[in-house]
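I opened this notebook to record, entry by entry, what I looked up in the structure. I begin with a single residue and its surroundings, and then go on to the sheet and the helices.

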Amino acid sequence: MSNVTTAAIVGAGAWGTTLAAHLDSIGVSIRLVTRDVDHATAIRDVRENERYLPGVTLSPSITVTSDLTAGVAAAGAVFVVVPSQAVREVAEQLRWTLASEALVVSCAKGLERATLTRLSEVLGDAGEISASRVAVLSGPNLSGEIARGLPASAVVASADDATAVEVQSLVSSPRFRVYTSSDVVGVELGGALKNVIALGAGVADGLRMGHNAKAAFITRGLAELARVGVAAGANPLTFGGLSGLGDLIATCESPLSRNRTFGQLLSEGLTVDAARDRIGHVVEGAITAYAMVELGRRYGVETPIADAVVAVLDGRVSVADAMHLLLTRDRRAELD
């Protein structure tokens, strides 16, 4: 059983709201924090996040606030569930408001675009939070399914084994099975880079390329993100786990995945801006693709799928031409 009784969820998007509802359902006292005053008021008034998680009723016991200081005060654990490019701003605010022993759980799946930094590192640096108090929660966690009470699993990684176990105890339930890991690099990069591959999987769906092509694409995508991850210092076995293969399958296959859906919309002829507007949420893969390409260059690793995604996002090639270029690359051994 966890020693934490009160937790703050910073970020009231679909995943943050889902985590709030889940933790509340297993007896944790929850404060849900959104920076948007009107959004906080709307959630409190109707007990539902109509903007990001419609149809899910929130318990009256969940406190909703737009005041980060009040929301985080005295919380034993703080879950940071904001878009990747907003993590530094939140971390800087946490520096002055976080309880000295509070644990911080990074739940966003991306990289800081300007620095190529993992988000747990951003939290530690900008928030002046010891790595031993930071954890990363990742895995095949589609908000819509978990919010409906469907079973799921995840992995929590930390540089400190006791922190990983504490967060595992805090979030686990009979319908949400959580494993621990010491491979923070692998768990974090798996969760971030799979979004890039999911964009391409959505393109394959939109072009009606068939199950064989999509299976091949996902497999080669896994190989690509694993090459980058291993070069960055990750354990290669992590990419066969929940934050690698597990998250990749869910994100590439489910219509609930905004990254996959974004790719499908592009293949159907929508512009990048129009597809973003249609999704209505941040599409992390469209940001992380650029970081993945730059990481590949840093480590001397080829990233043909990420390269193709960036070329499409920049308007240099069509989605059909990008797929053709991938299929006609020079032949090679599979394990090279």
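**Entry on Asn141.** I looked up the contacts of Asn141 and found that, once residues up to four places away in sequence are not counted, Asn141 touches Trp15, Ile146, Ala152, Ser153, Ala154 and Phe176. I keep in mind here, as throughout, that this is a predicted model. Asn141 has its place in the loop between strand 10 and helix 6, the latter being residues 143–147. I then asked myself whether Asn141 is buried or exposed. The relative accessible area comes to 9%, and since buried means under 20%, I noted Asn141 as buried.

**Entry on the sheet.** I next traced the strand order, and I recorded an open sheet of eight strands in the order 5-2-1-6-7-10-11-12, with mixed pairing. At the edges stand strand 5 (63–65) and strand 12 (176–181), and because each has a single partner strand, one side of each is left without a neighbour in the sheet. Direction ignored, neighbouring strands of this sheet are turned by 25° against each other on average.

I followed the pairing from the edge at strand 5, where strand 2 (residues 29–33) pairs with strand 5 in the parallel sense over three bridges. In this pairing I located Leu32, which stands opposite Val64 in strand 5. Helix 1 (residues 14–25) packs on the sheet, and I listed its touching partners as strand 1 (6–10), strand 2, strand 6 (77–80), strand 10 (134–138) and strand 12. The direction of helix 1 makes about 165° with that of strand 2.

**Entry on strand 7.** I went on to strand 6 and strand 7, which run parallel and are joined by four bridges. Here Val78 has Val104, in strand 7, as its bridge partner. Which way do the residues of strand 7 (residues 103–106) point? I found Leu103 and Val105 pointing one way and Val104 and Ser106 the other way, and all of them are buried. I set beside this the general rule that side chains in a regular strand alternate between the two faces of the sheet.

**Entry on Ile43.** I placed Ile43 in helix 2 (residues 37–46), and I noted that Ile43 is buried, with a relative accessible area of 1%. Leaving aside neighbours within four places in sequence, I found Ile43 in contact with Ala12, Glu48, Asn49, Leu58 and Val64, and Val64 is the residue I had already recorded opposite Leu32. I also looked up the separation of Ile43 from Thr57, which lies 14 residues apart along the chain, and the C-alpha atoms are separated by 9.7 Å.

**Entry on helix 8 with helix 9.** The axes of helix 8 (residues 184–206) and helix 9 (residues 211–231) come within 9 Å and cross at roughly 155°. Since angles over 145 degrees count as roughly antiparallel, I wrote down helix 8 as roughly antiparallel to helix 9. I noted the crossing of these two helices as right-handed. On the side of helix 8 the contact involves Leu189, Leu193, Lys194, Ile197, Gly200, Ala201 and Asp205, and on the side of helix 9 Lys214, Phe217, Gly221, Leu225, Val228 and Gly229. By class I recorded seven nonpolar, three polar and three charged residues in this contact.

Lys194, one of the residues of helix 8 in that list, made me ask whether Lys194 is buried or exposed. The relative accessible area is 5%, and Lys194 is therefore buried. Apart from neighbours within four places in sequence, Lys194 is in contact with Lys109, Leu189, Leu225, Asp247, Leu248 and Thr251.

**Entry on helix 8 with helix 13.** I then took helix 8 with helix 13 (residues 284–299), whose axes come within 8 Å and cross at roughly 110°, so that the two helices are roughly perpendicular to each other. Helix 8 contributes Ala192, Leu193, Asn195, Val196, Ile197 and Leu199 to the contact, and helix 13 contributes Glu284, Gly285, Ala286, Thr288, Ala289 and Met292. I divided the residues of this contact into eight nonpolar, three polar and one charged.

**Entry on Arg258.** My last look was at Arg258, which lies in helix 11 (residues 258–267) and counts as partly exposed at 30% relative accessibility. Not counting residues up to four places away in sequence, Arg258 touches Ala14, Ile279, His281 and Val282. From C-alpha to C-alpha, I found Arg258 and Ala102 to be 32 Å apart in space, and 156 residues apart in sequence.

Key
Residues numbered from 1 in each chain as written. Predicted model: local features only at pLDDT ≥ 70, side-chain atom pairs only at ≥ 80, totals over all residues. Heavy atoms only, no water. Axes fitted to C-alpha atoms, helices over the stretch in contact; angles between N-to-C directions. Parallel < 35°, antiparallel > 145°, perpendicular 65-115°, else oblique. Left-handed = near helix turned anticlockwise from the far one by under 90°. Contact = heavy atoms within 4.5 Å. Nonpolar A, V, L, I, M, F, W, Y, C, P; charged D, E, K, R; others polar. Pairing = 2+ DSSP bridges. Buried < 20%, exposed > 50% of the residue type's maximum accessible area, 1.4 Å probe, protein only.
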